[in-house]
Amino acid sequence: MKKIVPFLVILTFLGCKEDLVKQPKHLIERSQMVNIMYDLSLLEAIKYQNPAALDSNQIRPKQFIYTKYKIDSLQLAQNNVYYASDYKNYKIMFDEVVKRIENDKKKANALIKAEEKKNKILLEKLNKKKQKQLVKAKDSLQTIHKK
């Protein structure tokens, strides 16, 4: 009997599929919540890496999110708690954000490499042009010196 009681208690808890956190009145769509999480991640990264960028442009990260997605702080907090209550799904959402950031990082690195290559080519052309001008200047000086 002592072994059956704990088993029945566990079975009762597992049998109840009632959500611990109720769905908010104004539910933010999952895809939009992922977009919000992505934007917040980027804004927080900017805040810590280059706070002057946000200050000089007078951007307040959370206020920016509220305006962009037409939500308020309470709605965001309630939805965040709601989505976080299902940790497996929430992790999937975070994985989507991370994947998106990684893709953006790859694109940014590709753009940087392309820009560096372009700058290298321009610098080589500029150096060749300067070398030609120096050769012409030397030739001019030699011509003047010979006269």
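This briefing looks at helix 2, the second largest pocket and asparagine 79. The model is predicted, so please read what follows with that in mind. Helix 2 is a good place to start, since residues 30-49 make up this element and helix 2 also gives the most to the lining of the second largest pocket.

**Helix 2**
- Helix 2 has 20 residues, and from its first C-alpha to its last it reaches 28 Å.
- That reach is close to the 28 Å expected at 1.5 Å a residue.
- Its buried residues are Met33, Val34, Ile36, Met37, Tyr38, Asp39 and Leu43.

**The second largest pocket**
- The volume of this pocket is about 190 Å³.
- The pocket is lined by 13 residues, and those closest to its centre are Ile36, Leu40, Lys62, Leu76 and Asn80.
- Helix 2 supplies five residues of the lining.
- At least two lining residues each come from helix 2, helix 4 (61-69), helix 5 (73-84) and helix 6 (87-146).
- Sorted by class, the lining holds nine nonpolar, three polar and one charged residues.
- Ile36 appears twice in this story: Ile36 is among the buried residues of helix 2, and Ile36 is also one of the residues closest to the pocket centre.

**Asparagine 79**
- Asparagine 79 sits in helix 5.
- With a relative accessible area of 0%, asparagine 79 counts as buried because the cut-off is under 20%.
- Its side chain reaches the backbone oxygen of histidine 26 at 3.1 Å.
- Leaving aside residues up to four places away in sequence, asparagine 79 touches Pro24, His26, Leu27, Ile28 and Met33.
- Of these, Met33 is one of the buried residues of helix 2.

Note on methods
Residues are numbered from 1 along each chain as its sequence is written. This is a predicted model: local features need pLDDT of at least 70, side-chain atom pairs count only at pLDDT 80 or more; totals for chains, interfaces and linings use all residues. Side-chain values use heavy atoms; hydrogens and water are left out. Helices (H or I, at least four residues) and strands (E, at least two) are DSSP runs, numbered from the N terminus. The expected span of a helix is 1.5 Å times one less than its number of residues. Buried means under 20% relative accessible area, exposed over 50%, partly exposed in between (1.4 Å probe, protein chains only). On a 1 Å grid over the protein atoms alone, a cavity is a set of points where a 1.4 Å probe fits but cannot get out, and a pocket is an open set with protein on both sides within 12 Å along at least five of seven lines; lining residues have an atom within 4 Å of a point. Grid points are joined across faces, edges and corners, and a volume is the space filled by probe spheres set on the points. Ala, Val, Leu, Ile, Met, Phe, Trp, Tyr, Cys and Pro count as nonpolar, Asp, Glu, Lys and Arg as charged, and the others, Gly among them, as polar. A polar contact is a pair of N or O atoms within 3.5 Å; within protein, one must be able to donate a hydrogen and the other to accept it, and residues adjacent in sequence count only if both atoms are side-chain atoms. Contact means heavy atoms within 4.5 Å.
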